[in-house]
Amino acid sequence: MKQLILMRHGKSSWDYEVSDKDRPLLQRGINDAHLVSKTFGNHAPKIDFAYSSPAIRALHTSIICLRNLDFDLNWFKVDKALYDFSGDSVQRFVGKLDNDLQTVAIFGHNYAFTSLANTWGDQYIENVPTAGLVHIIFNVDDWSKVSKGTTERTIFPKHLK
């Protein structure tokens, strides 16, 4: 059994003249990342490895979340394949994960995460919001065979406020 946790980055700021990859989180994005990750932590499975897009907003979200889960950052890596908006690169990335890993968390972007949550999960999600988390379980032992799974849990900031 494989488990995938997709978490979209928190709300980011457009107030700075920086590249897309360098946009920081707004305070709301920071607060929402704390709120969602602490809620998830109440029932979170043990995460074997976590990956983040190199975009600052995704990286900052991942660190907030992983610290709240007391996750050992030795099992964390930034991967440029996750700076993806279509979902194609993320899908290829997941298919190549090490099969010794049972539960993986990925921090990244939309439209990719909404598309993949709907492709892989069994609940339709119109939009994974900023700082939204989707936990999907797959009844396979090989990441390359991930297709349709069960949406175990969704945690969206608006449902917690």
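Buried means under 20% relative accessible area, exposed over 50%, and partly exposed in between (1.4 Å probe, protein chains only). This is a predicted model, where local features need pLDDT of at least 70, side-chain atom pairs count only at pLDDT 80 or more, and totals for chains, interfaces and linings use all residues. Residues are numbered from 1 along each chain as its sequence is written, and side-chain values use heavy atoms, with hydrogens and water left out.

**View 1. Helix α1 and its buried residues.** α1 has 15 residues and spans 21 Å from its first C-alpha to its last, close to the 21 Å expected at 1.5 Å a residue (that is, 1.5 Å times one less than the number of residues). Look for G29, I30, D32, A33, V36, S37, T39 and F40: these are buried. The buried residues of α1 pack against β1 (2-8), α2, β5 (133-138) and β6 (150-155).

**View 2. Where α1 meets α2.** Helix α1 (residues 27-41) packs against helix α2 (residues 56-68) at an angle of about 35°, and their axes are 9 Å apart. From α1, the contact (heavy atoms within 4.5 Å) uses I30, A33, H34, S37 and K38, while α2 brings H60, T61, I64, C65 and N68. Sort these contact residues and you get four nonpolar, five polar and one charged.

**View 3. Where α3 meets α4.** Here helix α3 (residues 88-95) and helix α4 (residues 112-120) pack at about 55°, with axes 9 Å apart. That angle makes α3 oblique to α4 (oblique covers whatever is not under 35 degrees, over 145, or 65 to 115). V90, Q91 and V94 of α3 touch F113, L116 and W120 of α4.

Notes: Axes are lines fitted to C-alpha atoms, for helices over the stretch in contact, and angles run from 0 to 180 degrees between N-to-C directions. Helices (H or I, at least four residues) and strands (E, at least two) are DSSP runs, numbered from the N terminus. Ala, Val, Leu, Ile, Met, Phe, Trp, Tyr, Cys and Pro count as nonpolar, Asp, Glu, Lys and Arg as charged, and the others, Gly among them, as polar.
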